[in-house]
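Me: Please take a close look at one helix pair in this model. I want the contact residues and the geometry, then a little context.

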Amino acid sequence: MNLPARWQQRWQAWLDRRIPPAAQVTLSHRSIFILPTRSALTFGLLLLLLLITAINYQNSLIYALTFWLFSVGLAAMLFTFRNLSGLTLIAGHAAPCFAGERLRLPLWLQADRRGHQALLLGFPGQPAQPASVAAGERQALHLSLPAHQRGPLQTGRLRLDSRYPLGLFNAWSWVRLEFRGLVYPRPETVPFVFLAGDGGEQLSGAPSTQSGEQDFQGLRPYRQGDSMRRIAWKQLARGKGLVSKDFDHDEGATCWLDWAALAGVPTETRLSRLCGWVLQAHQQGWRYGLRLPGSEFSPDNSEGHRDRCLQALALYGFTAPEGL
């Protein structure tokens, strides 16, 4: 809606009171709006001409046709409203992505005792997606939305439209679903600056040694978060259970990615660079740790460690939402 900022704020505040944000919303008369379309205006003009003709010629057949078409229009308005009424929208858990990428948002449409046909769903400025759901069933959809800002997922309001069955009326609703998910900082690729070992001296570039995985020690029970490359697949194929390969770690390959190493750099740029370093260090197989104000992650190289570091970067300055 192209309204002044003051009116936009009032409109959003009114919507928040009338259709509060929630993870699951069932549409009713409070959340559905309906107006005639241009086709309805043409239809109304046709009825007016028929009525004038019937009055002028006192023709009972034209009277009957006029009132019958008028009743069809009223029935179409009711059916258009009922096509949205009772529909439940359920937000899912979106997979994490990086700022600048497109989010894939899972959404379920659940019908009650009647079906819902010819629906259009979409976010403002994004292509609308058609959908239908049969009576008593649940339909899964995936909407797409660009992620502009890191942190807990904020999607804004979703618009749902329907002109079923005759196109004479347009019923719509503005629903704000609380999708769960995270947007990681946009990774920035620059030369490494980190703290190595326990001495704390600041270094630039990469560790001189690799991850140390050349020195095989043996097998150990699988731990959640272990890299897929460390799983002993041959042992699993022989029916000996899920175990991981254990290696001697070269301490020279252990490094710290530290917030303090980027002193003077703006906050969002720091987070983007640290995010890029985490991805590079994990790909190279280094054992890396991450230090942020108020939190610290000991050096490791598992996928779970990478995800914890990225989550901490995404949530820096935010309160962690429930369910993550």
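Reply: The contact comes first. From helix 5, residues L271, L274, C275, V278, L279 and H282 meet E303, R306, C309, L310 and L313 of helix 6. Contact means heavy atoms within 4.5 Å. By class, the residues of this contact divide into eight nonpolar, one polar and two charged. Ala, Val, Leu, Ile, Met, Phe, Trp, Tyr, Cys and Pro count as nonpolar, Asp, Glu, Lys and Arg as charged, and the others, Gly among them, as polar.

This is a predicted model: local features need pLDDT of at least 70, side-chain atom pairs count only at pLDDT 80 or more, and totals for chains, interfaces and linings use all residues. Residues are numbered from 1 along each chain as its sequence is written, and side-chain values use heavy atoms, with hydrogens and water left out.

Now the geometry. Helix 5 spans residues 267-284 and helix 6 residues 303-314; they pack at an angle of about 175 degrees, with their axes 10 Å apart. Axes are lines fitted to C-alpha atoms, for helices over the stretch in contact, and angles run from 0 to 180 degrees between N-to-C directions. The two helices are therefore roughly antiparallel to each other, a term for angles over 145 degrees.

Some context. The protein has six helices and 19 strands. Helices (H or I, at least four residues) and strands (E, at least two) are DSSP runs, numbered from the N terminus. Buried residues make up 42% of the 324 residues, where buried means under 20% relative accessible area with a 1.4 Å probe, protein chains only. Of the contacts with a separation of 6 or more, 64% join residues 24 or more positions apart.

Methods
Parallel < 35°, antiparallel > 145°, perpendicular 65-115°, else oblique. Buried < 20%, exposed > 50% of the residue type's maximum accessible area, 1.4 Å probe, protein only.
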